[in-house]
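Here are a few exercises to work through at your own pace, with the structure open beside you. Try each task before you read its solution.

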Amino acid sequence: MSEASNSAAVHGGVPGPADRAAWLRALASRYALLPLRLFLGVTFVYAALDKLSDAHYLAGAGDPASFVSQTQAVRADSPISFLLGVALDHPTLFALAVAFGELAVGLGTLLGLWGRVSALGGALLNLSLWLTVSWSVSPYYLGNDLGYLMAWTPLLLAGTPYLSVDGYLARRAERDRVRGLKEEHVRRRSLVDGGIAAVAIGGAGLLTGSLTRTFGRDKQPAGKQSTAPAPTTPAPAAPSVSAASVAVGGSAQVKDPATGDAVYIVQPKAGQYCALSSVCTHSGCAVDAPKNGQLYCPCHGSRFDAATGAVVNGPAVKPLPKYTVSKDGDRLTLGPLQS
Ligand code: FES
């Protein structure tokens, strides 16, 4: 007899605190994978729409944020460089396959349709990202793709039996068996209905992705900006800090008034000042403040020289954008972007 039924017997059939605790524990076990499933599903849908709405993603090799540039940047160090060569032969096809693959995996995971297949797709995507963009990250546990790969494992093992299309189809198949339908018929019905649901969800995903791509943000990729004159607005005041706040080897943070991006004003050697963008040239993460003469990007481990912005360690291939800095008395003032 279970702990809960024992307790119910003691309380004369009325559930006591022990019954409720046992029921809560059973409920928590049943839905233990739901938070992980929601997180992975939402993250993959978000990542896919982010790629599809970003004009830089499908831009050519001249744009550091493009699929081509990022693939080229990691190719030399990747253990699957031969596969990256194939991807670089058909970059648009592969870039779209990655984005739409993420969308299909995200929707399948969120709705719990063919949960194990979706989890396998997610695991394969993260495996390929780990073997490419995260491969040079040291130590290995800072590469987030390995963590995602591990996060897919429980869903791969358990599937998505609760609050899901899979769960609904399984319950209906059970009812069909009870009604005496042949096993072959039950299986075919589940497969056909699962296929119809997959086509419907895939179509909705394709439509969403295509609309996102068409009406996406930042429609002008790098190097193809409009030549129309910009509307004239008063120039915002140049940001400045006191020189005393920037120690030798240290930095102070200001904002680029044009973009709102954080910029580090650095003093790499006594009396020598420079200013570097905090936006990593690999995939746009924010790099950490300079430490030991370098700026570190926590996303995939790139390192940049704090005196010049040059790449010390990839996968980034382009230096951090540099600004001019002028010193007037005790004030350090951020100037225009140099590179
Ligand atoms: S965004 Fe990838 S290393 Fe910085």
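**Exercise 1. A pair of strands and its turn**

How many bridges join E3 to strand E4, and in which sense do the two run? Then look at the turn that links them.

Solution. Keep in mind that this is a predicted model.
- Step 1: find E3 at residues 262-269 and E4 at residues 272-277.
- Step 2: count the links; 5 bridges join the two strands, which run antiparallel.
- Step 3: pick a marker pair, such as Val263, which stands opposite Ser277 in E4.
- Step 4: inspect the turn. E3 and E4 make a hairpin with 2 residues between them, where Gly271 has a positive phi of about 85 degrees.

**Exercise 2. Building out the six-stranded sheet**

Find the order of the open sheet of 6 strands, then walk across it from one edge to the other.

Solution.
- Step 1: the order is E1-E9-E8-E4-E3-E2, with antiparallel pairing. At the edges are E1 (240-242) and E2 (251-255), each of which pairs on one side only. From one strand to the next, the twist averages 30 degrees.
- Step 2: start at E1, which pairs with E9 (residues 331-337) over 3 bridges in the antiparallel sense. Here Val241 stands opposite Leu332.
- Step 3: go on to E8 (residues 322-328), which is antiparallel to E9 and pairs with E9 over 5 bridges. Val325 faces Leu334 in E9 as its opposite residue.
- Step 4: check the hairpin of E8 and E9. There are 2 residues between the strands, and Gly329 takes a positive phi near 65 degrees.
- Step 5: cross from E8 to E4, an antiparallel pairing over 2 bridges. Leu276 stands opposite Lys322 in E8.
- Step 6: pass through E3, already met above, to reach E2. Those two strands run antiparallel and are joined by 5 bridges, with Val263 in E3 as the bridge partner of Val254.

**Exercise 3. The three-stranded sheet**

Why is one side of strand E5 and of strand E7 left without a neighbour in the sheet?

Solution.
- Step 1: read the order, E5-E6-E7, in an open sheet of 3 strands with antiparallel pairing.
- Step 2: E5 (294-296) and E7 (311-313) stand at the edges and have a single partner strand each, so one side of each lacks a neighbour in the sheet.
- Step 3: for the twist, neighbouring strands of this sheet are turned by 35 degrees against each other on average, direction ignored.
- Step 4: look closely at E5 and E6 (residues 303-305), an antiparallel pair with 3 bridges. Phe304 in E6 is the bridge partner of Leu295.

**Exercise 4. A charged residue indoors**

Is Arg37 buried or exposed, and which side chain of opposite charge is nearest?

Solution.
- Step 1: locate Arg37 in helix H3 (residues 34-52).
- Step 2: Arg37 is buried.
- Step 3: test for a salt bridge. The nearest side chain of opposite charge, Asp166, is 7.9 Å away, while a salt bridge has to be within 4 Å. Arg37 therefore has no salt bridge.
- Step 4: list the surroundings. Leaving out residues up to four places away in sequence, Arg37 touches several residues, among them Thr109, Leu110, Tyr162 and Ser164.

**Exercise 5. The whole chain**

How many helices and strands are in the chain, and what percentage of its residues is buried?

Solution.
- Step 1: the chain has 10 helices and 9 strands.
- Step 2: of its 339 residues, 37% are buried.
- Step 3: the chain exposes about 18700 Å², with 64% of that supplied by carbon and sulfur atoms.

Notes: Residues are numbered from 1 along each chain as its sequence is written. This is a predicted model: local features need pLDDT of at least 70, side-chain atom pairs count only at pLDDT 80 or more; totals for chains, interfaces and linings use all residues. Side-chain values use heavy atoms; hydrogens and water are left out. Helices (H or I, at least four residues) and strands (E, at least two) are DSSP runs, numbered from the N terminus. Buried means under 20% relative accessible area, exposed over 50%, partly exposed in between (1.4 Å probe, protein chains only). Lys and Arg count as positive and Asp and Glu as negative; His and the chain ends are not counted. Contact means heavy atoms within 4.5 Å. Two strands pair if DSSP finds at least two bridges between them. Axes are lines fitted to C-alpha atoms, for helices over the stretch in contact, and angles run from 0 to 180 degrees between N-to-C directions. Accessible areas come from the Shrake-Rupley method with a 1.4 Å probe; for residues, only the protein chains shown count as cover.
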